[in-house]
Amino acid sequence: MGSETNGKVQEGFEIPEINIKFTQLFIDGHFVDALSGKTFETRDPRTGEVVARVAEGDKADVDLAVKAARKAFDDGPWPRMSGYQRGRIMMKFADLIDQNIEDLAILDTINAGKLFKIGKLIDIPSASQLLRYYAGAADKIHGETLKLSRELQGYTLKEPIGVVGHIIPWNYPTTMFFFKVSPALAAGCTMVVKPAEQSPLSALYYAHLAKEAGIPDGVLNVVTGFGPTAGSAVASHMDIDKVSFTGSTEVGRLVMEAAARSNLKSVSLELGGKSPLIIFDDADVDMAVNLAQFAIFTNKGEVCVAGSRVYVQEGIYDQFVRKASEAAKNWTVGDPFNPNIHQGPQVDKAQFEKVLKYIEIGKQEGATLLTGGKACGDKGYYVEPTIFTDVKDDMRIVQEEIFGPVMSLMKFKTIEEAIEKANNTKYGLAAGIVTKDLNTMNRVSRSIRAGVIWVNCYFAFDIDCPFGGFKMSGFGKDMGLDALDKYLHSKSIVTPIYNSPWC
């Protein structure tokens, strides 16, 4: 099988057998149909064809899942196990993921258009690694002894927050599932997961593996369905204690509103981004070009931290533009099962059309299309890697999140100008700096308002490094031990001390 990419036909790769095992809701340890009996189509973005029909959960199904999660929290063994016991079960869960890497990677490829080889080498193994990290932390959750100012003894307890609703996006179905589920499990919470309607299949498989690993019924429930119905029901549910959401800023607002109007549940949000990559004159140009390409075209630009705004200092700007254009033309687009491909299809038709619309907006606003800008292939949702030059800071392609393989390339003169331009955004998720000068690195990294700053690297995620945004990119951290705090209450216990010589 081959697919046309940038005028080339990629031949000679094998597509593995696709076997979809789980399409029902997972509630209280069992796969069940939606109460309404409804299903919805999930499509393969490589072709636009339907690959399965999945149960369409709505408010009634969320109610059942929350009831199961509440019972598991209030009366079940999971929150009452020692951290060591929870950790052992989580380790078994991780082992089962490792045993099913290929099947799981296939599901994320046919659901989200993700590169199959990256799924097998990075996404799925990283999920099991994340589970093991939090499994190791589960027996290290503790409070503090307090030295109070009066004749009182005080200490704090850290207790699981309760029933958690996780609403996860479609761009990294596996990664985001375990960003949320892993620390919540370690903390002793129970949960309802609402995966994106575009990419529900791997979440259902993970629910099956969780049951097989020995996670008690009701602890991990998965309700597939749509945002305005199932997602809204999670955000507004009166018996959910916390919602963790990753997605667009627009939907994040709705989640916060629903939480406030219902039971004032705790909310953490990881939202949109328009991250700057700042390249200084002293940078190695070839390295900088490769980094910029990696920062925006990885995962077809469907990355919240994508380096979509690239600022290059004037001394190397012309050289950078020339080399970036050449590099983009060698970035191959095609079937994500092909191991020689760099970029697969956008997740669905709506996102495909959104990206193409923004490319037209960029041209209408007066930006120069350096390379790309078109759909490619005769089927599926493929977009050429695209670079704009002659871009102004107030253009929509600079200010609004496109979530596609579209780079806005701009020039700057001074450090002060670079900092000002980088911060000229409502977002604050990530930023990149490319320089050999330690003073420049220190000054710029301290000045940019973003949750993570990568210097001479990009997408440098690590399990032990907290990740989350500033401004309209949200609040709350994923990864690292910081993520545990989202799923824990801190309770203070105070008792009097009588006639002690030590206060």
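Buried here means under 20% relative accessible area, and Glu270, at 2%, is buried on that basis. That residue is a good way into this predicted model, since the UniProt annotation "active site" (unreviewed entry) covers Glu270. The UniProt record also has an annotation "domain: Aldehyde dehydrogenase", again from an unreviewed entry, which covers residues 32-493. Over that stretch the chain is 41% helix and 21% strand, with the end C-alpha atoms 43 Å apart.

**Around Glu270**

- Glu270 is found in strand E13, which spans residues 266-270.
- Leaving aside residues up to four places away in sequence, Glu270 touches Met176, Phe245, Thr246, Gly247, Cys304, Leu429, Phe467, Ser473 and Asp478.
- With a relative accessible area of 2%, Glu270 falls under the 20% cut-off and therefore counts as buried.

**The seven-stranded sheet**

- Seven strands make up an open sheet, in the order E16-E19-E20-E15-E14-E22-E23, and the pairing is mixed.
- At the edges sit strand E16 (368-371) and strand E23 (452-455), each of which pairs on one side only.
- On average, neighbouring strands of this sheet are turned by 25 degrees against each other, direction ignored.
- Strand E15 (residues 309-313) runs parallel to strand E20 (residues 406-412), and five bridges link the pair. Arg309 has Ser408 as its bridge partner in E20.
- E14 and E22 are also a parallel pair, here over three bridges. Look for Ile279, whose bridge partner in E22 is Val434.
- On the other pairing listed for E22, four bridges connect E22 and E23, once more in the parallel sense. Gly432 is matched with Trp454 in E23.

**Helices against that sheet**

- Helix H11 (residues 349-364) packs on the sheet and touches E16, strand E19 (386-389) and E20. The direction of H11 makes about 20 degrees with that of E19.
- Helix H13 (residues 415-422) lies across strand E14 (276-279), E15 and E20. Relative to E20, H13 runs at about 150 degrees.

**Two enclosed strands**

- Strand E22 (residues 430-434) has five of its five residues buried, so the rest of the structure largely encloses it.
- Both faces of E22 are covered: one side has Ala430, Gly432 and Val434, the other has Ala431 and Ile433, and all are buried.
- Strand E9 (residues 163-167) is likewise largely enclosed by the rest of the structure, because five of its five residues are buried.
- The faces of E9 are both covered too, with buried Val163, Gly165 and Ile167 on one side and buried Val164 and His166 on the other.
- E9 is joined to strand E10 (residues 190-194) by five bridges, and the two run parallel. Val163 has Thr190 as its bridge partner in E10.

**The H3/H4 crossing**

- Two packed helices are described by the angle between their axes and the distance between the axes.
- For helix H3 (residues 101-112) and helix H4 (residues 116-137), the axes come within 9 Å and cross at roughly 115 degrees.
- The crossing of H3 and H4 is right-handed.
- H3 brings Ile101, Glu102, Leu104, Ala105, Ile106, Asp108 and Thr109 to the contact, where they meet Phe116, Gly119, Lys120, Ile124 and Pro125 of H4.
- Sorted by class, the contact of H3 with H4 has seven nonpolar, two polar and three charged residues.

**Backbone oddities**

- Most residues other than glycine have a negative phi.
- Asp390 is not a glycine, yet has a positive phi of about 55 degrees. Asp390 lies in the loop between E19 and helix H12 (396-399), and with a relative accessible area of 46% it is partly exposed.
- Lys471 is not a glycine either, and has a positive phi of about 50 degrees. Lys471 is found in strand E24 (residues 470-471), and with a relative accessible area of 37% this residue is partly exposed.

Technical notes
Residues are numbered from 1 along each chain as its sequence is written. This is a predicted model: local features need pLDDT of at least 70, side-chain atom pairs count only at pLDDT 80 or more; totals for chains, interfaces and linings use all residues. Side-chain values use heavy atoms; hydrogens and water are left out. Axes are lines fitted to C-alpha atoms, for helices over the stretch in contact, and angles run from 0 to 180 degrees between N-to-C directions. A crossing is left-handed if the near helix is turned anticlockwise from the far one by less than a right angle, and right-handed if clockwise. Contact means heavy atoms within 4.5 Å. Ala, Val, Leu, Ile, Met, Phe, Trp, Tyr, Cys and Pro count as nonpolar, Asp, Glu, Lys and Arg as charged, and the others, Gly among them, as polar. Two strands pair if DSSP finds at least two bridges between them. UniProt positions are given in the numbering used here, feature names are shortened, and annotations may be inferred rather than shown by experiment. Buried means under 20% relative accessible area, exposed over 50%, partly exposed in between (1.4 Å probe, protein chains only).
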